[in-house]
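Let's take a walk through this fold together, one pair of neighbours at a time. Please keep the structure open beside you as you read.

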Amino acid sequence: MARRLAQLVMVSLLASAATFATAQSTAPTDDSEPPALFTIDIEGRQTSDTPPTLLDAWLTVEQEAPVNWSRAFVVRDELAPEERQLQRRLTAELENLSLQFRLLDHPQIAEGLVAWQSALSKLDAGRVPGRVDPTWLMAHLREVPLASQIDEMGWCQTPDWVEAWTPLGVTREPWQPAMTVDDLLAELPGTAYANADQARVITPQGDVRDIGIAAWNHQPASLTPGSRIVVDLPLDAVSARWVDSALPQFLATRVPGDECTTVDTATLYP
């Protein structure tokens, strides 16, 4: 009886195996029923449901026009009111300082600060300081903003000048290869910086660097086209020290050139 039961179990197992093999042989092939598809989201790469980033916007713009990446910039409208307020305060402080220098019998410096006010009034086009070119963005993917966070993007033609804001006024000089701050100061009257120990260099990308320009603290500094320097005012007063610091920060928010192209980001992704 036991032997008979074992035989029946064996036959049953063989039948099951045969049924399984038959089912396998008649199962649909990959061509008739493809497997489920899976997507891998690689960081920094846009998927269909990912909103476009500034990097995507630049790639779109580059297909339509050549971009001068060394002078590329972006604009955020929400920063404009604060920048205009700073511009107005600088103008007011310079007016008061000009009056003080007249009272101190320094008419040249008084007129120089009037020239600063005039130059400030023409610097209305702003930008967010910093690099925003694709090379920098690709190296800092976690810092790439969404295109919707940018109101305008643009670039300027590389200027052929460097600019000095000294107590005697605002002067532009032709940029020369390997030009330094010393080279620029050498083009100016000695009285424009004789009483100053320090100046600020503002790069086209919006970086601000303090450098020594007196004999005891001299620091060499190179200048690229479109760079600006601001020489400290020769007055030990709170308002003068504030202008020394605030003016370079404001200049860093200005577009890096005179001939610029801007694109409304909203037109790229309506």
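Two residues are in contact here when they have heavy atoms within 4.5 Å of each other. Keep in mind, too, that you are looking at a predicted model.

First, the overall inventory. The chain holds seven helices and eight strands. Of its 270 residues, 37% are buried. If you take the contacts between residues at least 6 apart in sequence, 73% of them join residues at least 24 apart.

A good place to start is the pair of helices α3 and α4. Packed helices in general are described by the angle between their axes and the distance between those axes. Helix α3 covers residues 80–103, and helix α4 covers residues 107–121. Their axes come within 8 Å and cross at roughly 165 degrees. Since angles over 145 degrees count as roughly antiparallel, that makes α3 roughly antiparallel to α4. The crossing of the two is left-handed.

Which residues of α3 meet α4? From α3 come Gln87, Leu90, Thr91, Leu94, Glu95, Leu97, Ser98, Phe101 and Arg102. Facing them in α4 are Pro107, Ile109, Ala110, Glu111, Leu113, Val114, Trp116, Gln117, Leu120 and Ser121. By residue type, this contact divides into eleven nonpolar, five polar and three charged residues.

Zoom in on one member of that contact, Ser98 in α3. Is Ser98 buried or exposed? Its relative accessibility is 4%, so Ser98 counts as buried; the cut-off for buried is under 20%. Leaving out residues up to four places away in sequence, Ser98 touches Ala110, Leu113, Val114 and Gln117.

Now follow α4 to the sheet it packs on. This is an open sheet of five strands in the order β4-β3-β7-β5-β6, with mixed pairing. Strands β4 (169–174) and β6 (208–212) stand at its edges; each has a single partner strand, so one side of each is left without a neighbour in the sheet. On average, and ignoring direction, neighbouring strands of this sheet are turned by 20 degrees against each other. Helix α4 lies across β3 (161–166), β4 and β7 (228–231), and runs at about 70 degrees to β4. Helix α7 (residues 238–251) also packs on the sheet, touching β3, β5, β6 and β7, and its direction makes about 170 degrees with that of β7.

At the edge strand β4, have a look at Thr171. Thr171 is partly exposed, with a relative accessible area of 27%. Apart from neighbours within four places in sequence, its contacts are Val162, Glu163, Ala164 and Leu188. Between the C-alpha atoms of Thr171 and Leu184, which sit 13 residues apart along the chain, the separation is 9.8 Å.

Moving over to strand β5 (residues 198–202), how many of its five residues are buried? Four of them are, so β5 is largely enclosed by the rest of the structure. Strands of a sheet pair through backbone hydrogen bonds, either parallel or antiparallel. Five bridges join β5 to β6, and the two strands run antiparallel. Within this pairing, Ile202 has Val208 as its bridge partner, and Arg200 is matched with Asp210. The hairpin of β5 and β6 has five residues between the strands, and there Gly206 takes a positive phi near 95 degrees. Strand β5 is also joined to β7, by four bridges and again in antiparallel fashion. In that pairing Val201 stands opposite Ile229 of β7.

One more sheet remains. It is an open sheet of three strands in the order β1-β2-β8, with antiparallel pairing. Strands β1 (72–75) and β8 (260–264) stand at the edges with a single partner strand each, so one side of each lacks a neighbour in the sheet. From one strand to the next, the twist averages 25 degrees. Four bridges join β1 to the antiparallel strand β2 (residues 152–156), and here Ala72 stands opposite Trp155. Helix α2 (residues 54–62) lies across β1, β2 and β8, running at about 55 degrees to β2.

Definitions and conventions: Residues numbered from 1 in each chain as written. Predicted model: local features only at pLDDT ≥ 70, side-chain atom pairs only at ≥ 80, totals over all residues. Heavy atoms only, no water. Buried < 20%, exposed > 50% of the residue type's maximum accessible area, 1.4 Å probe, protein only. Pairing = 2+ DSSP bridges. Axes fitted to C-alpha atoms, helices over the stretch in contact; angles between N-to-C directions. Parallel < 35°, antiparallel > 145°, perpendicular 65-115°, else oblique. Left-handed = near helix turned anticlockwise from the far one by under 90°. Nonpolar A, V, L, I, M, F, W, Y, C, P; charged D, E, K, R; others polar.
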